[in-house]
Amino acid sequence: MIMKLSDLKNHDVIVAERRQADPDYAAEADHLALADAVSRAVVHYRAERDLTQTAFGAMLGWKQPHVARLESGDVAPSIETLQRLARAGVIEVHIEQQRTYVRELATT
């Protein structure tokens with residue numbers, strides 16, 4: 001049987017269906033989405049300001065490996081980490097019942 005391209009589901013539809021059908025999948029997707037958003041914001045902030053991981057970490061009282069873990073996007077940031085990033089003007093975080101939003105703050 002030959003399928004038409006118009007009959008295929010796009011990635012967003014497949015993910016939405018899977019999220020709805022599988023709470024574990026939805027939880028893991030949310031977990032990774034937060035880590036990814038924070039990772040992108042940190043990398044962007046550092047790049048805009050030409051900061052090394054060491055210099056950025058020093059700004060926040062962290063050592064370089066902590067920054068590297070954040071930038072990997074594989075580890076969900078703690079509340080304390082989110083607070084430090086927000087207070088330093090790197091991100092803005094909104095935690096709501098259905099999801100958490102991370103917004104990069106204005107760059108230089």
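Hi everyone. Before the pocket, one definition: when I say helix or strand, I mean a DSSP run, with at least four residues for a helix (H or I) and at least two for a strand (E), numbered from the N terminus. And please keep in mind that this is a predicted model.

So, to the largest pocket. Its volume is about 450 Å³. Two elements each give two or more residues to its lining, namely α2, spanning 23-49, and β2, spanning 100-104. Which of the elements supplies the largest share of that lining? That would be α2, with 9 residues. In total, 17 residues line the pocket, and those nearest its centre are Asp30, Ala33, Leu34, Arg99 and Thr100. If you sort the lining by class, you get 7 nonpolar, 6 charged and 4 polar residues.

Let's follow β2 a little further. β2 pairs with β1, residues 91-95, in the antiparallel sense, and the pairing runs over 5 bridges. One of the partnerships joins Ile91 to Glu104 in β2. How many residues lie between β1 and β2 in their hairpin? There are 4.

Now for the annotation. The UniProt record, an unreviewed entry, has "domain: HTH cro/C1-type" over residues 42-88. In the model, that stretch is 72% helix and 0% strand. The C-alpha atoms at the two ends of residues 42-88 are 11 Å apart.

Last, a word on the rings. Have a look at Tyr45 on your screens: the charged end of Arg49 sits over the Tyr45 ring, 3.7 Å from the ring centre. As for rings pairing with each other, a search of the whole structure turns up 1 aromatic pair.

To recap, the picture I'd like you to take away is a pocket with 9 lining residues from α2, and a β1–β2 hairpin whose second strand also contributes to that lining. Thanks, everyone, and I'm happy to go back to any part of the model with you.

Terms used: Residues numbered from 1 in each chain as written. Predicted model: local features only at pLDDT ≥ 70, side-chain atom pairs only at ≥ 80, totals over all residues. Heavy atoms only, no water. 1 Å grid on protein atoms, 1.4 Å probe; cavity = no way out; pocket = protein on both sides within 12 Å on 5 of 7 lines; lining within 4 Å. Points joined across faces, edges and corners; volume = space filled by probe spheres on them. Nonpolar A, V, L, I, M, F, W, Y, C, P; charged D, E, K, R; others polar. UniProt positions renumbered as here; feature names shortened; annotations may be inferred. Phe/Tyr/Trp six-rings, centres within 6.5 Å; stacked < 30°, edge-to-face > 60°. Lys NZ or Arg CZ within 6 Å of the ring centre and 35° of its normal. Pairing = 2+ DSSP bridges.
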